[in-house]
Amino acid sequence: MSDLKCIGCGAALQSGDETKKGYIPESGMKREDAICRRCYRLKHYNEIMDVDIDSGEFMTMLNSLYEVDGLIIKVIDAFDINASLIPSFNRIVGDKKVIAVLNKTDLLPKSVNVNRLIHRAKLMLKENGITAVDMVAVSALKNHGLDRLIDMITSHAGGKDVYVVGTTNVGKSTLINQLIKMTTGDGEVITTSRFPGTTLDLIDIPLDENAFIYDTPGVIVPSQMAHYISKDDLKHITPSKEIKPVTFQLESGQTLFLSGLARVDFEAGDRSSFTVYASNQLTLHRTKTSNAENFYEKHYSGLLAPPEIESPVLMENGKTFSFDVTEDSDIEISGYAFISVSGGARVSVHVPKGVEVNLRQTIF
Ligand code: GDP
């Protein structure tokens, strides 16, 4: 372990263990602008790698945010609001002001009512005891809504530093790069330099002459589907362009597979439409519920791929969530899909154990 930090994510650089954060091959360590292999791949190949971030160590780092004065930008993935919530966020934030940024709105189909989405996000934050002074829907990638965000930052920061926090993969780095580009005119910057020996394991980037933006590494939330598949398959389940909803008219007694990682059984109710919002690469397949188990056993890695899964996880290590859907609702499978269902249906959803499934008022 050295005291050099990756200029991409702030992790201490190390050449000892490829599976741990901050890994860099020894030869790369000598470079002036050394970045860890994960950041390198993200930057150059847009690959997503699993990194085993020790959450204890991580929370200690986040806890140190409590001590500082500044404005918090809480980044939320519009496609996965649930997994964007950081456990013990309130304790970390103390009485600092929070601006909530709903990112990746470019992925949502046009039929989504953004105001309802914002309303839902606010409710979810409230359920978690978080009050944001402002909230804005943006796409960091497409540079939508960022002017409004900059105005909000200017009006709430009062010359203080700005801390960008969020779980892994919500788009913090992309957002920061865009903000820097817009406020300083610089091209692609991950960060300006390494900060060996800073008390916070954070990366700071000059916002203007007096204030800094701090990028915090993401918190890994185990309820995300991403943790149950290989890193190669993650790109199949993570939407990368506007989601095209697919509607099925189902009868009770029918089952819908969303690739091999989720099974939705329509148990009771009148013929009803089920609309799936998920990565366009998932395989959607309808079958009879009475035949679903057999079908899954045979086809979990064949017909139902991608993603390719190694074992029939829904049978071997699955969990079932049952819902009585009384009004038009969305069933949210964390980091994987929304399924809009009309009121008056009893539905069971099978997912790998650990993945969260929630029923919410519809936003579509
Ligand atoms: P971080 O882990 O929170 O820093 O997230 P990154 O900035 O590294 O982004 C994670 C992934 O989400 C990358 O593949 C980004 O290209 C993608 N991403 C970030 N912002 C957006 C966005 O606004 N829209 C879309 N479609 N993808 C985004």
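## Exercises on a predicted protein–ligand model

The protein chain has nine helices and 16 strands. The model is a predicted one.

**Exercise 1. Describe the protein chain as a whole: how much of it is buried, and what makes up its exposed surface?**

Solution.
- Step 1. Take the burial count: of 364 residues, 54% are classed as buried.
- Step 2. Turn to the surface, where the chain exposes about 16,700 Å². Carbon and sulfur atoms supply 47% of that area.
- Step 3. Look at the contacts with a separation of 6 or more: 71% of them join residues 24 or more positions apart.

**Exercise 2. Describe the surroundings of the ligand: how many residues surround it, and which are the closest?**

Solution.
- Step 1. The ligand is surrounded by 16 residues, and the closest are Asp-106, Asn-169, Lys-172, Ser-173 and Thr-174.
- Step 2. Sort the shell by residue type: nine are polar, four nonpolar and three charged.
- Step 3. Sort the shell by element: helix α6, residues 172-184, contributes the largest share, with three residues.
- Step 4. List polar contacts to oxygen atoms of the ligand. A polar backbone atom of Ala-140 is 2.9 Å from one such oxygen. For an N or O atom in the side chain of Lys-104, the distance to a ligand oxygen is 3.2 Å. For a polar side-chain atom of Ser-139, it is 3.3 Å.
- Step 5. Compare with the ligand taken alone, which exposes 590 Å²; the protein buries 87% of this area.

**Exercise 3. Locate the largest nonpolar core: how many residues does it hold, and which of them touch the most other members?**

Solution.
- Step 1. The core holds 40 residues, and those touching the most other members are Leu-258, Ile-333, Tyr-336, Ile-339, Val-347 and Val-349.
- Step 2. Strand β15, residues 345-352, gives the most to this core, namely four residues.
- Step 3. Follow one member. Beyond its neighbours within four places in sequence, Ile-339 has contacts that include Leu-258, Val-264, Phe-274 and Ile-333.
- Step 4. Note a second, separate core of 30 residues, with Ile-76, Ala-78, Ile-86 and Ala-121 among them.
- Step 5. Add the general background: in soluble globular proteins, nonpolar side chains tend to be buried together.

**Exercise 4. Decide whether Ser-259 is buried or exposed.**

Solution.
- Step 1. Place the residue: Ser-259 is in the loop between β8 (254-258) and β9 (262-268).
- Step 2. Apply the cut-off, under 20% relative accessible area for buried. Ser-259 has 0% relative accessibility, so it counts as buried.
- Step 3. Name what it touches. Setting aside residues up to four places away in sequence, Ser-259 touches Leu-282, Thr-283, Leu-304, Pro-306, Pro-307 and Tyr-336.

Terms used
Residues numbered from 1 in each chain as written. Predicted model: local features only at pLDDT ≥ 70, side-chain atom pairs only at ≥ 80, totals over all residues. Heavy atoms only, no water. Near = heavy atom within 4 Å. Polar contact = N/O pair within 3.5 Å; in protein donor to acceptor, adjacent residues only side chain to side chain. Areas by Shrake-Rupley, 256 points an atom, 1.4 Å probe, with all protein chains shown as cover. Helix = DSSP H or I, 4+ residues; strand = E, 2+ residues; numbered from the N terminus. Nonpolar A, V, L, I, M, F, W, Y, C, P; charged D, E, K, R; others polar. Core = buried A, V, L, I, M, F, W, Y, C linked by side-chain atoms within 4.5 Å. Buried < 20%, exposed > 50% of the residue type's maximum accessible area, 1.4 Å probe, protein only. Contact = heavy atoms within 4.5 Å.
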